[in-house]
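Biologist: I am new to this structure. Please pick one part, go through it closely, and then show how it sits in the rest.

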Number of protein chains: 2
Amino acid sequence: MTIKDIARLSGCGVATVSRVLNNHPDVSEKTRCKVMAVVEEHGFQPNNNAKHLKQQVGTGIAILVKGSQNMLFADLVERIQVLLRDNDRDATVYYLDEDANEVTNAIQLCRERKPVGILFLGGNLEYFRASFRHVKVPCVLLTNSARELDFENLSSLTTNDEAAAFQAIDYLAGRGHRKIGVLGGNWSSSQISYRRLQGCQRAFEQWGLSFDLERQTEPSRYSMADAYEAAKRLLERCPELTAIFAMSDVMAIGVIRALRDLGKRVPEDISVMGYDGISIARYSVPRLTTICQDTRQLAEQGVKVLLDSIEGEGRPVHKVVPFRMLDGESVAQCVNKVERGRSK
Amino acid sequence: MTIKDIARLSGCGVATVSRVLNNHPDVSEKTRCKVMAVVEEHGFQPNNNAKHLKQQVGTGIAILVKGSQNMLFADLVERIQVLLRDNDRDATVYYLDEDANEVTNAIQLCRERKPVGILFLGGNLEYFRASFRHVKVPCVLLTNSARELDFENLSSLTTNDEAAAFQAIDYLAGRGHRKIGVLGGNWSSSQISYRRLQGCQRAFEQWGLSFDLERQTEPSRYSMADAYEAAKRLLERCPELTAIFAMSDVMAIGVIRALRDLGKRVPEDISVMGYDGISIARYSVPRLTTICQDTRQLAEQGVKVLLDSIEGEGRPVHKVVPFRMLDGESVAQCVNKVERGRSK
DNA sequence: CGGGCAGCTGGAATCGTTTCCAGTCAATTG
DNA sequence: CAATTGACTGGAAACGATTCCAGCTGCCCG
């Protein structure tokens with residue numbers, strides 16, 4: 001069933017049918033009805049390949065997601081999909097392994113599909129530097145800043161990771177914690193983790209707390225399983241900790257489980273601070289005290305920026321969306337006076 | 001940059017270039033190299049619209065997901081995407097609201113996109129009866145059986161919900177629980193919930209336990225927030241319960257949170273049984289005792305069945321994949337002798 | 001009455017591929 | 001040496017839409 005058949009059946013030319021289908025103004029009401037009747041009757045749908053071939057555009061948008069365990073991203077992806085659909089766009093999601101090597105692969109796929117725009121969740125700047133040179137379509141990086149790259153087609157939206165991490169540590173220190181462990185991604189390969197770490201360090205300095213990077217931190221993937229193991233390693237090496245800052249809520253869940261398996265209570269024996277503010281934070285036991293990223297804004301603005309870029313609206317933008325602290329039950333006032341007295 | 005340019009630059013015909021690009025055998029090694037060199041140099045990618053237009057096929061697969069809160073589906077979607085990618089297919093995910101009205105909308109989109117196959121997670125048979133009449137491409141329904149529909153193009157893969165729910169209740173009853181609440185979807189609109197409910201009822205009968213459908217059950221969406229509220233309503237109405245069976249782990253998390261907020265300990269005061277076996281089950285506090293669906297098999301077999309159908313391999317199939325009980329800490333032996341003594 | 005114009009229509013060119021088919025060239029064979 | 005083969009090759013016709021452009025009305029006005 002093609003446009004030609006419709007033309008034949010409705011007794012007019014293909015051009016007219018096309019005009020009806022695309023709501024062009026200069027076609028008489030009578031003809032429009034006649035054509036629509038035939039179209040309805042046969043449930044005709046124009047062939048998108050032919051359409052896009054002629055129009056020289058795709059409509060599809062690619063969503064690249066790095067680290068599928070990340071529930072924040074799952075939330076974002078869903079919001080984004082809905083928003084795009086409201087704008088008559090549809091999106092293909094590509095999940096990338098947290099390990100880097102699959103990325104070029106995904107970009108390859110992405111280029112084959114010729115999306116008209118790309119949303120990248122959690123990507124590293126290195127990927128862009130290395131592989132996005134030849135990507136010409138507009139691109140929005142979410143939860144990471146690409147300000148320093150200033151590519152012609154690359155915008156970015158992020159939480160102020162440094163400030164958020166600062167506040168997390170500040171919050172813990174303000175409750176008396178002096179020995180705080182930090183669990184996050186690989187500092188050297190992930191800007192996001194690195195910036196959060198910097199925020200931590202600034203807070204430690206400001207409070208005059210010593211911070212031994214080697215001892216008090218432990219790299220981990222952003223998954224419960226990895227964080228579980230990492231927390232055990234960390235606590236074995238550094239048993240004097242009274243609080244742990246996990247750089248994602250999913251990790252925090254793993255950490256809490258690990259602590260309980262070690263016979264420690266949260267928050268009575270040790271406090272845990274999360275990051276992200278995923279929905280489970282409000283339902284877990286104990287409820288997570290966490291840094292809450294604004295997924296609604298990230299999604300809405302991300303989509304808006306991308307669509308604007310696709311429409312050809314000027315220069316890339318690099319925005320920072322606000323975060324807020326979400327109080328839970330996983331952080332307690334530090335009362336281990338005995339411990340602190342004994343140490344040193 | 002088109003295939004014609006490549007032809008001109010490499011000094012041969014378009015047909016030859018096309019053959020090189022598609023790895024056809026009858027092209028000399030020399031020509032192949034020459035063409036590939038030009039292709040590499042310019043980073044040429046053939047236009048998929050033209051390709052698919054000519055080949056009369058899309059390669060895309062649509063994944064329809066009903067109820068985005070469902071983490072089991074999130075897990076499945078990711079596995080499926082990876083599997084499809086390994087088979088050189090790419091997929092577009094459409095999230096549907098748990099409310100029905102959006103479905104036709106999605107089907108509309110689906111038809112515009114002309115996917116070559118559809119994977120439907122958690123769909124109701126009514127959707128198919130109503131809206132899938134005209135969908136001609138192969139379709140696989142996951143986590144629900146479509147055996148009774150016997151559409152030409154509709155396969156299905158599911159866990160034996162009835163047996164699984166039976167085992168859940170049987171497990172609880174076997175640990176001394178006599179008053180068990182059930183939290184699930186809307187029995188009348190969701191076959192999945194209904195079959196699980198039937199399994200429950202069979203178990204109650206077999207143990208000779210009374211079961212008041214109105215009092216002891218509470219419908220809820222498959223989300224933490226809804227289950228939280230539903231559990232509170234249920235317990236207010238029916239305070240003598242010693243165990244609650246939640247028809248998804250996500251719901252179980254909400255239930256546990258609600259119970260704690262009511263001052264009840266899990267599992268000491270009241271036991272909670274989940275369903276799905278999502279990864280968080282092993283990390284939550286307490287660890288969930290739950291029915292574990294085999295997501296690996298669901299994904300692998302689902303993809304296999306769909307791809308086979310696309311290749312045109314005969315009749316639709318309706319398979320049942322095994323489940324298993326995952327022991328956690330959210331169910332305890334019922335020792336409320338006082339309670340039981342007092343009642344009646 | 002004829003020229004001009006507006007409103008509508010349909011033929012045909014176009015988009016970038018794939019693939020059929022006819023053609024070239026060199027090697028092999030009777 | 002001519003004929004037959006086989007391995008390659010390139011021109012051109014699809015695929016199904018959009019859109020330019022030319023044509024056909026009917027109408028108004030001078």
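**A salt-bridge network and its surroundings**

Modeller: Arg257(A), Asp261(A), Arg287(B) and Glu329(B) are joined in a network of salt bridges, a salt bridge being a side-chain nitrogen of Lys or Arg within 4 Å of a carboxyl oxygen of Asp or Glu. The model is predicted, so local features need pLDDT of at least 70 and side-chain atom pairs count only at pLDDT 80 or more, while totals for chains, interfaces and linings use all residues. Residues are numbered from 1 along each chain as its sequence is written, chains are lettered from A and ligands numbered from 1 in the order in which they are written, and side-chain values use heavy atoms, leaving out hydrogens and water.

Within the network, Arg287(B) pairs with Glu329(B), their closest N and O atoms being 3.2 Å apart. Arg287(B) is in the loop between strand E9 (271–276) and strand E10 (289–293) of chain B, and Glu329(B) is in the loop between strand E12 (323–326) and helix H14 (337–342) of chain B, so this salt bridge ties together parts that are 42 residues apart in sequence. Helices (H or I, at least four residues) and strands (E, at least two) are DSSP runs, numbered from the N terminus. Arg287(B) is partly exposed at 22% relative accessibility, and Glu329(B) is partly exposed at 31%; the term covers what lies between buried (under 20% relative accessible area) and exposed (over 50%), with a 1.4 Å probe and protein chains only.

Arg287(B) also forms a salt bridge across to Asp261(A), where the closest N and O atoms are 2.7 Å apart. The rule finds 4 salt bridges across the interface of chain A and chain B. On the chain A side, the elements that give two or more residues are H4, helix H5 (71–86), strand E2 (91–96), helix H6 (102–113), helix H11 (224–237) and helix H12 (249–261). H12(A) gives the largest share, 6 residues. By class, this side has 20 nonpolar, 13 polar and 13 charged residues; Ala, Val, Leu, Ile, Met, Phe, Trp, Tyr, Cys and Pro count as nonpolar, Asp, Glu, Lys and Arg as charged, and the others, Gly among them, as polar.

In all, 46 residues of chain A are in contact (heavy atoms within 4.5 Å) with 45 residues of chain B. The two chains bury about 4,300 Å² between them, 52% of it on carbon and sulfur atoms; buried area is the accessible area (1.4 Å probe) that two parts lose on being put together, summed over both. Arg257(A), a member of the network, is one of three residues of chain A, with Arg85(A) and Tyr283(A), that lose the most area to chain B, together 17% of what that side buries.

Salt bridges also occur elsewhere, and the search of the whole structure finds 32 over all chains. One of them joins Arg202(A) and Glu162(A) at 2.7 Å, N to O. Arg202(A) lies in helix H9 (residues 191–206) and Glu162(A) in helix H8 (residues 161–174) of chain A, so the pair ties together parts that are 40 residues apart in sequence. Arg202(A) is partly exposed at 35% relative accessibility. Another joins Glu300(A) and Arg296(A) at 3.2 Å, N to O. Both residues lie in helix H13 (residues 295–310) of chain A, 4 residues apart, about one turn of the helix. Glu300(A) is partly exposed at 36%, and Arg296(A) is partly exposed at 47%.
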